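Here are my notes on the model, set out as numbered points. I begin with an internal void and work outwards from there.

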Amino acid sequence: MAELSAEPPLVIDLDGTLLRSDLLQESALRLLHVAPLQALRMPVWLLAGKAVLKRRIAERVSIDVGTLPYDERVLAWIEDERARGRRVVLCTASDTRYAEAVALHLGCFDEVIASDGNTNVSARRKADELVRRFGVGGFDYAGNARDDLPVWAAARRAVVVSASDSVRDAAHRCAQVEREFQRPAAGPAQWLKAVRLHQWLKNLLVFLPLLGAHQLGDPGLLAQALLAFLAFGLCASSVYVLNDLMDLQSDRRHPRKRARPFAAGRLLPSTGLVMAAVLVLAAFVLAAFTGRAFMAWLAVYFAITLAYTFWLKRKLLLDALALAALYTLRIIGGAAAVSLTPSFWLLAFSLFLFLSLAFVKRYSELLVMQEEGRSTAAGRSYVTQDLALVAMLGVNAGFAAVLVMALYLNSENVLRLYRTPELMWLTVPLLLYWISRMWLKAHRGRMDDDPLMYAVRDPASLACGALFLAVLWLATLAW
């Protein structure tokens, strides 16, 4: 055991210093997710003081401290200091319930000082409390924010962690800075990853009504459809950001999703809220140039995505139906943008096809759970015993889409739009092969969480899509 060091205690801040996130922001978002009606009371609690707000939230939601994004550099440094026999204190403005849970999990702190429901241990109050315990210059302090300036001024030495340039400069003016940990860069790659730009491929569905009506060559209509594409993309990205903020704890338990920017602590939750607001505002500004009908369908889409994020995705079967509806709404919105009426056949085909893919997504998640020895997933209503039933429902929905396609081939629309409609029958075996192959891949555990993103990277799926479009084109010619 190391001898007790003669150096003064090392005091570590939690939010933004030891932790690459903020527990007040995370706990407030979690309350909004699990108990939205209770979350409406947060402004009332705040009127009684920040310490009261933090305590009321901590009484209602728990945080999985084992999955939080800790700064490994700071943790390694703390361990080095402890190895030298130095006393280490966790001092944070977060509620004592969360702070003590973090200290118990990490096992590297000798004492915890935190907000207790009466006193918010932040800024000047934190400095006064540390001076009362250790005296002026009787401790070293590691922090990251402007609120830490009074604490650094009262400390013997300052350690600056992941601070902005202005905070770092202010720390050098008011204290003797012993050490600095640079802020990890949150470059464009992290922002693009947060908005999931690759998911915008799904919004190509807005062009389907034009493709089905053989009017893709009309420049005016194509421009309207392009605006609809961008509006859906921005709107979807705003909800992807919100979804990531709501799913922080479950994402951190997931082998792949824990690398997402918010779950990994590369972007703060407050940044995500601003991003979501800006994105959805931009979406509706673009929609205003497309027409009222499109704006109305975009509003319906946004409402259902919010309902899915906060409620529907935890409801058995309703989650899959909601996902299928959201894909179909892209087609309806695309039709509204170019003043076309989508056919019954297209909507029925879309609903069954995307319902099948939604079940592929759930089946793949359940398969991963089974392999990891878990029976349930956080935030989901499915259990691993549902695997066989989910597969049956998904395969049936996929084959129903094929049946709709086959029946459509005998409709008047086909005879009117295609000069060699007999060739259209080649689309049926193509669809049968592709849907069967997707389910076979899912059954073998080779499917990503998102089947559409898998299809974009899968050579066989791309070949099926190319052949499908080729058949449609050839059927328009006279042979």
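1. **Largest cavity: lining.** Nine names to check on screen: the largest cavity is lined by Glu26, Arg30, His33, Ile63, Leu245, Met246, Asp247, Leu248 and Gln249. Bear in mind that this is a predicted model. The volume of the largest cavity is about 60 Å³. In all, three cavities reach 30 Å³ or more.

2. **Largest cavity: elements and classes.** Helices H1, H12 (219–246) and H13 (248–252) each give two or more residues to the lining of the largest cavity. H1 gives the most, with three residues. By class, the lining of the largest cavity splits into four nonpolar, two polar and three charged residues.

3. **Helix H1.** This helix runs over 23–34. H1 has 12 residues and spans 16 Å from its first C-alpha to its last, close to the 16 Å expected at 1.5 Å a residue. At the start of H1, a side-chain oxygen of Asp22 comes to within 3.0 Å of the backbone nitrogen of Leu24.

4. **Burial along H1.** Which residues of H1 are buried? They are Leu23, Glu26, Ser27, Ala28, Leu29, Leu31 and His33. Two of these names, Glu26 and His33, also appear in the lining of the largest cavity. As background, an α-helix has 3.6 residues a turn, so residues three or four places apart point the same way.

5. **Largest pocket: size and centre.** The largest pocket holds about 1700 Å³ of space. Its lining counts 49 residues, and Leu205, Leu208, Leu211, Phe468 and Leu469 lie nearest the centre. The lining of the largest pocket divides into 38 nonpolar, nine polar and two charged residues.

6. **Largest pocket: elements.** Which helices supply at least two residues each to the lining of the largest pocket? They are H11 (208–212), H17 (344–371), H18 (387–408), H19 (412–417), H20 (427–443), H21 (451–457) and H22 (459–475). H22 provides the largest share of that lining, nine residues.

7. **Second largest pocket: size and centre.** About 1100 Å³ of space lies in the second largest pocket. Its lining has 42 residues, with Asp15, Gly16, Ser21, Asn144 and Leu268 nearest the centre. Helices H1 (23–34), H4 (50–60) and H7 (123–134) and strand E2 (88–95) give two or more residues to this lining. E2 contributes the largest share, three residues.

8. **Second largest pocket: classes.** The lining of the second largest pocket has 16 nonpolar, 12 polar and 14 charged residues. Set beside this, the lining of the largest pocket has two charged residues.

9. **Cysteines.** How many disulfides does the model have? The count is zero. Cys235 counts as buried because its relative accessibility is 0%. Cys464 has a relative accessible area of 9%, so Cys464 is buried too.

10. **Overall frame.** The protein has 22 helices and six strands. Its C-alpha atoms fill a box of roughly 95 × 50 × 40 Å along the principal axes. Of the 479 residues, 53% are buried.

Definitions and conventions. Residues numbered from 1 in each chain as written. Predicted model: local features only at pLDDT ≥ 70, side-chain atom pairs only at ≥ 80, totals over all residues. Heavy atoms only, no water. 1 Å grid on protein atoms, 1.4 Å probe; cavity = no way out; pocket = protein on both sides within 12 Å on 5 of 7 lines; lining within 4 Å. Points joined across faces, edges and corners; volume = space filled by probe spheres on them. Helix = DSSP H or I, 4+ residues; strand = E, 2+ residues; numbered from the N terminus. Nonpolar A, V, L, I, M, F, W, Y, C, P; charged D, E, K, R; others polar. Expected span 1.5 Å × (residues − 1). Buried < 20%, exposed > 50% of the residue type's maximum accessible area, 1.4 Å probe, protein only. Polar contact = N/O pair within 3.5 Å; in protein donor to acceptor, adjacent residues only side chain to side chain. Disulfide = S-S within 2.5 Å.
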